[in-house]
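Work through the exercises below with the sequence and the 3D view side by side. Try each task before reading its solution.

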Amino acid sequence: MKTGVNIHPSAIIHPTAEIGEGVIIHPYVVISEDVKIGAGTEIFPHAYIEHSDIGENCKIGPGAAIGTAPQDWSYKGEKTRAIIGKECQIRENATVNRGTGEGSVTRIGDHCMLMIGCHVAHNCNIGNNVNIANNALLAGHIQVGDYAFIGGAVVMHQFVRVGEMTIVGGFTGTRVDLPPYAKIDGRPGRVVGINTIGLKRRGLSLEDRTAIKKAFSFLWFSDLNTQQAIERIGEEIK
């Protein structure tokens, strides 16, 4: 254990846990076996962590549960883990299960926020700078690209892929992959436009945003079938 660590006496820390410098652990936290906590991270009351790596300067909210066993009948106790990047916020009562399948991982990237009550299931791979809003539910093996925003109470079926910079509106439900740069809404989730605000915030030029919008118009808002739309995109858009 490093110097400068502030651990409340009511917290329970497994002797194998590795606690970085400057970590703050509040009352009634439980840190079980096979855990690494990065420097500067703060863990709030009643959080529970096992079989996980937590990056530097994270905030783990009250009642959050990280690295718990996957909700998967095929899981037989094999060694897996959850990995949380640096400067993430895992808010109150959010849950992140570890992977299922020997050596597998559930991974959250850097600078992510998981808001109150959301769930990230086993073997998900969440990119950097992703926001997952309150009570959103991500089933197993989901991939989420960088800078995506998943709205409140969204429900995603297992193995779905969400493209980078996509925004998914609240209460959306989806069983299919969602393209990058899109604005998604409804149940089932459908493309309703491009994520104009998100693209601007990420610094994409007007020329690039216009090209993306035109490609979307061919693919989702025209009478062309998919193959025809792809051909038109190849002919007309850089």
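**Exercise 1.** Classify H111 as buried, partly exposed or exposed, then describe its backbone and its place in the chain.

*Solution.* This is a predicted model, so every value here is computed from predicted atoms. Start with accessibility. H111 has a relative accessible area of 35%. Buried means under 20% and exposed means over 50%. H111 is therefore partly exposed. Next, the backbone. Phi of H111 is positive, at about 60°, although H111 is not a glycine. Last, the place. H111 sits in the loop that links strand 15 (105–108) and strand 16 (113–114).

**Exercise 2.** Do the same for N135: which class does its accessibility give?

*Solution.* Take the relative accessibility of N135, which is 46%. N135 therefore counts as partly exposed. Now the backbone: N135 is a residue other than glycine, and its phi is positive, near 65°. Then locate N135. The residue belongs to the loop between strand 19 (131–132) and strand 20 (137–138).

**Exercise 3.** Find where T174 lies, decide whether T174 is buried or exposed, and list its contacts beyond four places in sequence.

*Solution.* First, the element. T174 is part of strand 26 (residues 173–174). Second, the accessibility. T174 has a relative accessible area of 6%, so it is buried. Third, the contacts. Set aside the neighbours within four places in sequence; T174 then touches V155, M156, H157 and V160.

**Exercise 4.** Write down the strand order of the open sheet of eight strands and name its edge strands.

*Solution.* The order is 3-6-9-12-15-18-21-24, and the pairing is parallel. The edges are strand 3 (18–19) and strand 24 (161–162), each of which pairs on one side only. Now look inside the sheet. Strand 9 (residues 52–54) pairs in the parallel sense with strand 12 (residues 81–84), over three bridges. To find this pair in the view, use I54, which stands opposite I84 in strand 12.

**Exercise 5.** Trace the pairing from strand 8 to strand 11 and on to strand 14.

*Solution.* Begin at strand 8 (residues 48–49). Two bridges join strand 8 to strand 11 (residues 65–68), and the two run parallel. I49 stands opposite I66 in strand 11. Move on from strand 11. Its pairing with strand 14 (residues 95–97) is also parallel, over three bridges. T68 has N97 in strand 14 as its bridge partner.

**Exercise 6.** Describe the open sheet of eleven strands, and say why one side of strand 1 and of strand 28 has no neighbour in the sheet.

*Solution.* Read off the order: 1-4-7-10-13-16-19-22-25-27-28. The pairing is mixed. Strand 1 (6–7) and strand 28 stand at the edges, and each has a single partner strand, so one side of each is left without a neighbour in the sheet. Go to the strand 28 end. Strand 27 and strand 28 pair in the antiparallel sense, over four bridges. A182 stands opposite I194 in strand 28. Then check the loop between strand 27 (182–185) and strand 28 (190–194), where P188 is found. The peptide bond that joins R187 and P188 is cis, with omega about 5°. Finally, add the helix. Helix 2 lies across strand 27 and strand 28 and runs at about 150° to strand 28.

**Exercise 7.** Which residues make the nonpolar surface patch of about 380 Å², and how accessible is F221?

*Solution.* The patch is made by L219, W220, F221 and I230. Place F221 first: it lies in the loop between helix 2 (206–220) and helix 3 (226–236). Then take its relative accessible area, which is 48%. Patch residues need over 30%, so this value clears the cut-off. F221 is partly exposed.

**Exercise 8.** Sum up the whole chain: its secondary structure, its dimensions, its burial and its surface.

*Solution.* Count the elements: three helices and 28 strands. Take the box along the principal axes: the C-alpha atoms fill roughly 65 × 40 × 30 Å. Turn to burial. Of the 238 residues, 45% count as buried. Then the surface: the chain exposes about 11900 Å², and carbon and sulfur atoms supply 52% of it. Close with the contacts. Among those with a separation of 6 or more, 22% come from residues 24 or more positions apart.

Key. Residues are numbered from 1 along each chain as its sequence is written. This is a predicted model: local features need pLDDT of at least 70, side-chain atom pairs count only at pLDDT 80 or more; totals for chains, interfaces and linings use all residues. Side-chain values use heavy atoms; hydrogens and water are left out. Patches are made of residues with over 30% relative accessible area and no salt bridge: like charges are joined within 9 Å, nonpolar side chains (Val, Leu, Ile, Met, Phe, Trp, Tyr) within 5 Å. Accessible areas come from the Shrake-Rupley method with a 1.4 Å probe; for residues, only the protein chains shown count as cover. A salt bridge is a side-chain nitrogen of Lys or Arg within 4 Å of a carboxyl oxygen of Asp or Glu. Buried means under 20% relative accessible area, exposed over 50%, partly exposed in between (1.4 Å probe, protein chains only). Two strands pair if DSSP finds at least two bridges between them. Contact means heavy atoms within 4.5 Å. Axes are lines fitted to C-alpha atoms, for helices over the stretch in contact, and angles run from 0 to 180 degrees between N-to-C directions.
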